[in-house]
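Trainee: I would like to learn how the words used for a model like this one are justified. Please set each value beside its definition as we go.

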Amino acid sequence: MEKMLIKFDDGTPINLEQMLLAKEKRVENQKQAMICYKHPIISLSLVIPGAIKNSSGARYLFDEAIKALQHCFLQNDITIINEDHYHYITGSEAIIAVKCSAKTLKKYCMDIENNHPLGRLWDIDVIDIVTQQSLSRSQFDNQPRQCLVCHEAAKVCGRAKRHSINEIFIAIEKKIEKFQQI
Ligand SMILES: [Zn+2]
C-alpha cells in the first residue's frame, strides 16, 4: 500500500463552546436513534487532541474505524438497522443501530478499541436501549484507557496535562505509520 500523507492541521479550529454544543448534539442524535430504531446504539467518535477536529487525518481515522466496525459486524453476523455518519466541524461521528445485545456489542467494541492498531484513537460507545446509558469499560473488568504517549492511565495524564499536543500527535502519527505497514 502506498503511504498516504496524514495531516491533522488542515482543518478549522473550534472553541470550547462549539465542543460542548457538539457533545449535546451527539446525545440528542443518540436519543433520536434509540427512539427510531429501538435497538442498541454504537456511537463512534474520535480521540483527537487540540482545537482542529475536522482534518484529513481525522477523516482517515474515521474511515478506518467504520471499516473495522463493518468487518466486526460481518464476522459476527450482526445486522445493521441504520447507520448515520456526521461530518461536523467539531469532528466526524457515527451512530449505528444494530441487532445485537448491548453487552455482546460492548465486548466486540472494546476488543476493537483494545486490539486494533488504531483502536486507541477511537471512542466506540455502546448505549443500552433500556437504561439509555453507555456501558462502561469497568463493568467488563476492562482497564481504563492508557495514555497515548506513556503507560499511565489517560485520565491521569490528561488531568496533569503531562504531554504537549505536539507530543500526542507524534504518538498518533506513529500508530498510523505502524498500521500502514501491516
Ligand atoms: Zn501519559
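Trainee: Why is Tyr88 called partly exposed, rather than buried or exposed?

Mentor: The relative accessible area of Tyr88 is 24%, and since buried means under 20%, exposed over 50% and partly exposed in between (1.4 Å probe, protein chains only), Tyr88 counts as partly exposed. Bear in mind that this is a predicted model, in which local features need pLDDT of at least 70 and side-chain atom pairs count only at pLDDT 80 or more, while totals for chains, interfaces and linings use all residues. Residues are numbered from 1 along each chain as its sequence is written, and side-chain values use heavy atoms, with hydrogens and water left out.

Trainee: What makes the rings of Tyr86 and Tyr88 a pair, and of which kind?

Mentor: A search of the whole structure finds two aromatic pairs. In the pair of Tyr86 and Tyr88 the ring centres are 5.6 Å apart and the planes stand at 15 degrees, so the pair is stacked; the rule is that rings of Phe, Tyr and Trp (its six-membered ring) pair if their centres lie within 6.5 Å, with planes under 30 degrees apart counting as stacked, over 60 as edge-to-face and the rest as tilted.

Trainee: How do you know that Asn29 makes a polar contact with Tyr88?

Mentor: Their side chains come to 3.1 Å, and a polar contact is a pair of N or O atoms within 3.5 Å, where within protein one must be able to donate a hydrogen and the other to accept it, and residues adjacent in sequence count only if both atoms are side-chain atoms. Asn29 lies in helix α1 (residues 16–37), a helix being a DSSP run of H or I of at least four residues, and Asn29 is buried because its relative accessibility is 9%. Leaving aside neighbours within four places in sequence, Asn29 is in contact (heavy atoms within 4.5 Å) with Tyr86, Tyr88 and Ile95.

Trainee: What makes the arrangement around the zinc ion tetrahedral?

Mentor: The protein donors are Cys147 (SG), Cys150 (SG), Cys157 (SG) and His163 (NE2), at 2.0 to 2.3 Å from the zinc ion, which satisfies the limit for donors, namely N, O and S atoms within 2.8 Å of the metal (3.2 Å for Na, K and Ca). The four donor atoms subtend angles of 99 to 118 degrees, and the arrangement is therefore tetrahedral, as four donors count as such if all angles lie between 85 and 135 degrees. Along the chain the donors follow the spacing C-x2-C-x6-C-x5-H. Cys147 is buried at 9% relative accessibility, and Cys157 is buried at 4%.

Trainee: How do you know that the length of helix α5 agrees with its number of residues?

Mentor: The expected span is 1.5 Å times one less than the number of residues, so the 17 residues of α5 (residues 165–181) should span 24 Å, and the end C-alpha atoms, 25 Å apart, agree with this. The buried residues of α5 pack against α2 (56–75).

Trainee: Why is Ile172 of α5 called buried?

Mentor: Its relative accessibility is 0%, so Ile172 counts as buried. Not counting residues up to four places away in sequence, Ile172 touches Phe8, Val47, Pro49, Leu121 and Leu148.

Conventions:
Four donors count as tetrahedral if all angles lie between 85 and 135 degrees; four count as square planar and six as octahedral if opposite donors are over 155 degrees apart and all others between 65 and 115; anything else is irregular. Helices (H or I, at least four residues) and strands (E, at least two) are DSSP runs, numbered from the N terminus.
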